Amino acid sequence: MVSSRPLGRGFGWLWASYAVSAYGSGLGFGALPLVAVLALHAGPAQVSALSAVGPAVGALIAVPLALWVEVRRKRSVMIMMDLARFAAMVTIPVAYAFGWLGFVQLLVVSAVVAAAKIAFNAAGGAYLKAVVRPDDLLVANARFESTNWSSIAVGPPLGGAAIGLFGPVATVLADALSYLLSALGLTAIGGREEAPAASGKGPLRARALLDGWRHILGHPVLRPLYLNNMLVSGLIMATEPLLAVLLIRQLGFPPWQYGLAFAAPCLGGLIGSRLARRVVARFGRAWVFRTIGTLRAVWLIGLVFVRPGVVGLVTVMVVELAIIINMSLYTPVLATYRLEHTPEHLVARTLTAWSIGQQASIAVLTALAGLLADATGPRTALTVAGLLILTTPLLLPRRGRTPHPVLNRPSHGPS
């Protein structure tokens, strides 16, 4: 039975820091492309490059960072990554104020922020295991999930209003300050974290960079969950730019309706994340992986039938709401299972490998969907994405393949 007891002061500060950062990122959602368009008058090719190249370079930087994260105090790494993101982001409003802002700077900032985010999440997953009891991990992950979705529901509309009132870099500054506040919150946790002992030299350290993928691909349940998650996330995210073209350019939706169509359904994230503990207690995690994992995939095809007017707006909102409820229920269960089935000395590298795989899948599938949309139109590309995602439940773990959690070995560094 999943516990509902208080999770302690340490988790309280960790959650508060996450919330501040999440709401800052919500305010700054899509801020760099907006700055490129509004301040630098960038064209579609430059905006696409900013959205793809920066995160891709960040993912490459994160590969060697994973081992560095593994052998250091996780809270210190999280604070450093917050400060790195603050330092990178704050250069944008400063450069804008002095008239020095350029497109290359936006690319560099995008790459730094992407790499720091992956390293922060890797360290955060490992640190969470030290802050809460093993049977409280699902509750903790569900709280993070609900915070994430509420920030997406509230942040972008407020961010759009802030840009209208204060200019194109207003939300960038807010996002930067949120990282600084997050670092202060993590510092307030206090106490001394034991440092993992580093081991391994030369070829061993180089080979150890791939240990996260080895662990995932060698695990009978994590492997199908990983492959399934890459495809589902990639196909869902690939539809976002297609919908922007379809709804705004072809169907004539005003921008405020487009924003509403995606912001309002994010409240479904509060529903799904709050249900996660009860659903697992009643049906078990294997049922969640098979059933909810399947339900995540069946709704996307509904976007093909969007039409102009109120009916079309409602169609988008219903489809997005259904997807988000199922995703927000599924994700904390997956995150908890992944932590439970990863030895402590591999957590950072495993989470890094997971993030890089997901980010790469999103980039590749988004690019392919864009090419298909250019050749055939956005509705055809949406149809292909909707049909492909219907095949992803075939990758989910088969019935009965739910090994017990691994026994966490002491953190003695890479082996």
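Which residues does L247 touch, not counting residues up to four places away in sequence? In this predicted model, L247 touches G252, F253, Y258, F262, V306 and V316, a contact being heavy atoms within 4.5 Å. Local features were considered at pLDDT of at least 70 and side-chain atom pairs at pLDDT 80 or more, whereas totals for chains, interfaces and linings use all residues of the predicted model. Residues are numbered from 1 along each chain as its sequence is written, and side-chain values use heavy atoms, with hydrogens and water left out.

The protein chain holds 16 helices and zero strands; these are DSSP runs numbered from the N terminus, with at least four residues of H or I for a helix and at least two of E for a strand. Of its 415 residues, 49% are buried, that is, under 20% relative accessible area with a 1.4 Å probe and protein chains only, while exposed means over 50% and partly exposed lies in between. Among contacts with a separation of 6 or more, 87% join residues 24 or more positions apart.

L247 also belongs to the interior: along with I236, L243 and I389, L247 has the most contacts inside the largest nonpolar core, which has 34 residues. Such a core is a set of buried Ala, Val, Leu, Ile, Met, Phe, Trp, Tyr and Cys residues joined through side-chain atoms within 4.5 Å. At least two residues each come from α6 (137–166), α10, α11 (255–263), α14 (309–340), α15 and α16. Helix α10 gives the largest share, eight residues. Apart from this core lies another, of 28 residues, including F11, I79, L128 and V132.

Helix α16 (residues 378–389) offers a neat check on geometry. Its 12 residues should span 16 Å at 1.5 Å a residue, and the end C-alpha atoms are indeed 16 Å apart; the expected span is 1.5 Å times one less than the number of residues. Buried in α16 are P378, A381, L382, A385, G386 and I389. These residues lie on the same side of α16 because they cover an arc of only 135 degrees around the axis, taken from the directions from the helix axis to the C-beta atoms. Their cover includes α10 (222–250) and α15 (347–376).

Ring contacts complete the picture. Ring pairs link F11, W15, Y18 and F144 into a cluster, with ring centres within 6.5 Å counting as a pair. The charged end of R296 sits over the ring of Y330, 3.9 Å from its centre; this requires NZ of Lys or CZ of Arg within 6 Å of the ring centre and within 35 degrees of the ring normal.

How values were computed: Rings of Phe, Tyr and Trp (its six-membered ring) pair if their centres lie within 6.5 Å; planes under 30 degrees apart count as stacked, over 60 as edge-to-face and the rest as tilted.
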